[in-house]
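Notebook open, structure loaded. I want to look up one loop residue and then a few helix contacts.

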Amino acid sequence: DEPVKTSFEGYEVWGHNTWTQGPMLMQVLNILERFNLRQLGHNTPAYIHIVTEALKLAFADREAYYGDPYFAEVPVDGLLSKEYAAERAKLIDPNRASPELPPQGDAWRYSKLKARPTSAVASAAAAAPDGDDSANEGTTHVAALDQEGNMVCGTISGGAFAKSVFFPELGCALSTRIEMFNCEEGHPNVVEPGKRPRTTLINYIVSKDGQPVMTIGCPGGDAQAQANVQLVLNAVVFGMDPQQAIEAPRFAGKSATDSFYPHTRFPGRLDLEAAIPEDTARALAALGHKIERAANCGLGATVGRRDPQTGVLSTGGDPRRACYALAW
């Protein structure tokens with residue numbers, strides 16, 4: 001497929017279309033251009049708050065619009081337009097957290113594609129106990145960079161076979177990724193024969209002046225988009241090298257309906273890794289976030305970089321689980 005892209009801080013970020021949650025990262029970066037993140041400071045309460053609220057806006061659009069573009073009319077150009085991002089950014093209150101996902105925006109107003117279809121919007125699942133986290137156990141990310149400047153990256157996962165439906169006469173199983181469809185007639189992500197479910201699996205290549213300079217990826221289900229946003233910001237905005245960008249403590253909101261069964265949601269909840277100070281957690285709670293501590297917010301992340309001037313390659317391994325940086 002042709003990748004989708006956006007520009008940010010003089011870079012271009014390339015990723016998958018709406019059969020994944022990939023464009024969320026582009027939407028969030030477009031929104032965050034409206035804020036002085038450097039002035040806010042890395043992982044300060046104000047910074048975490050603004051990034052979390054931007055992610056909520058993108059999650060709301062993911063739930064309403066994302067689906068396989070070969071089967072559904074998706075206003076991806078509208079979703080990724082700078083004008084649309086400016087409109088959405090106005091909804092962020094720097095002094096108060098949205099108690100749950102805000103409504104989706106009107107991306108069709110900024111699209112040059114087909115007229116708006118009549119479709120349902122995915123209904124939110126009821127809040128419930130934590131669901132299965134097998135996506136974290138079964139997914140990996142691999143990236144390779146060479147001296148010629150070639151880059152490839154992939155986030156590989158088939159879902160847990162223990163949960164799959166097996167057909168002995170065919171000798172194959174249906175991947176648990178099909179649980180990411182919904183059954184709402186007219187919705188872009190409604191189940192249909194031959195259609196790709198809107199998967200959580202994503203990864204990105206970043207270029208500058210027409211040359212690829214960086215790969216980004218991180219397993220973790222619905223935390224993938226959130227972790228990848230933070231990896232890009234760590235590297236591009238705050239100038240961290242790959243290992244620093246990977247090791248920096250992360251956070252992840254839980255307001256969106258989980259892509260995996262039983263499709264739980266926790267309005268207003270914000271998970272923080274242990275390395276984020278308690279003072280920060282209290283300040284975020286004062287803004288209205290429902291704070292929980294998490295062992296990880298995306299794990300197995302990798303960042304690969306190539307200096308286009310010197311050709312020097314660098315990468316890092318995520319200490320959150322077995323993850324390796326190799327060179328030869």
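**Entry 1: a loop tyrosine.** I started with Tyr70, which sits in the loop between α3 and α4 (76-79). Worth jotting down before going further: this is a predicted model. Is Tyr70 buried or exposed? I get 61% relative accessibility, and since the cut-off for exposed is over 50%, Tyr70 counts as exposed. Next I asked what Tyr70 touches, leaving out residues up to four places away in sequence. I found Asp1 and Arg196. I also checked Tyr70 against Val236: they are 166 residues apart along the chain, and their C-alpha atoms are separated by 33 Å.

**Entry 2: helix α9.** Which residues of α9 (residues 278-286) are buried? My list reads Thr280, Ala281 and Leu284. They span an arc of only 100° around the axis, so they lie on the same side of α9. That made me recall the helix basics: with 3.6 residues a turn, residues three or four places apart point the same way. On the face turned away from the buried side I noted the exposed residues Asp279 and Ala286. Then I looked for what covers the buried residues of α9, and the cover includes α3 (45-65), β10 (269-273) and β11 (290-294). One backbone detail: Gly288, just after α9, has a positive phi of about 110°.

**Entry 3: α3 against α9.** Since α3 turned up in that cover, I pulled the geometry of the pair. The axes of α3 and α9 come within 9 Å and cross at roughly 50°, which makes α3 oblique to α9. I logged the crossing as right-handed. From α3, the contact uses Pro45, Ile48 and His49, and from α9 it uses Thr280, Ala283 and Leu284. Sorted by class, I have four nonpolar residues, two polar and no charged ones in this contact of α3 with α9.

**Entry 4: α1 against α5.** I ran the same lookup on another pair. At what angle do the axes of helix α1 (residues 23-32) and helix α5 (residues 82-89) cross? I read roughly 65°, with the axes coming within 8 Å. That makes α1 roughly perpendicular to α5. The crossing of α1 and α5 is right-handed. On the α1 side I wrote down Gln27, Asn30 and Ile31; on the α5 side, Lys82, Tyr84, Ala85, Arg88 and Ala89. By class, the contact of α1 with α5 has four nonpolar, two polar and two charged residues.

Key
Residues numbered from 1 in each chain as written. Predicted model: local features only at pLDDT ≥ 70, side-chain atom pairs only at ≥ 80, totals over all residues. Heavy atoms only, no water. Buried < 20%, exposed > 50% of the residue type's maximum accessible area, 1.4 Å probe, protein only. Helix = DSSP H or I, 4+ residues; strand = E, 2+ residues; numbered from the N terminus. Arc of directions from axis to C-beta. Contact = heavy atoms within 4.5 Å. Axes fitted to C-alpha atoms, helices over the stretch in contact; angles between N-to-C directions. Parallel < 35°, antiparallel > 145°, perpendicular 65-115°, else oblique. Left-handed = near helix turned anticlockwise from the far one by under 90°. Nonpolar A, V, L, I, M, F, W, Y, C, P; charged D, E, K, R; others polar.
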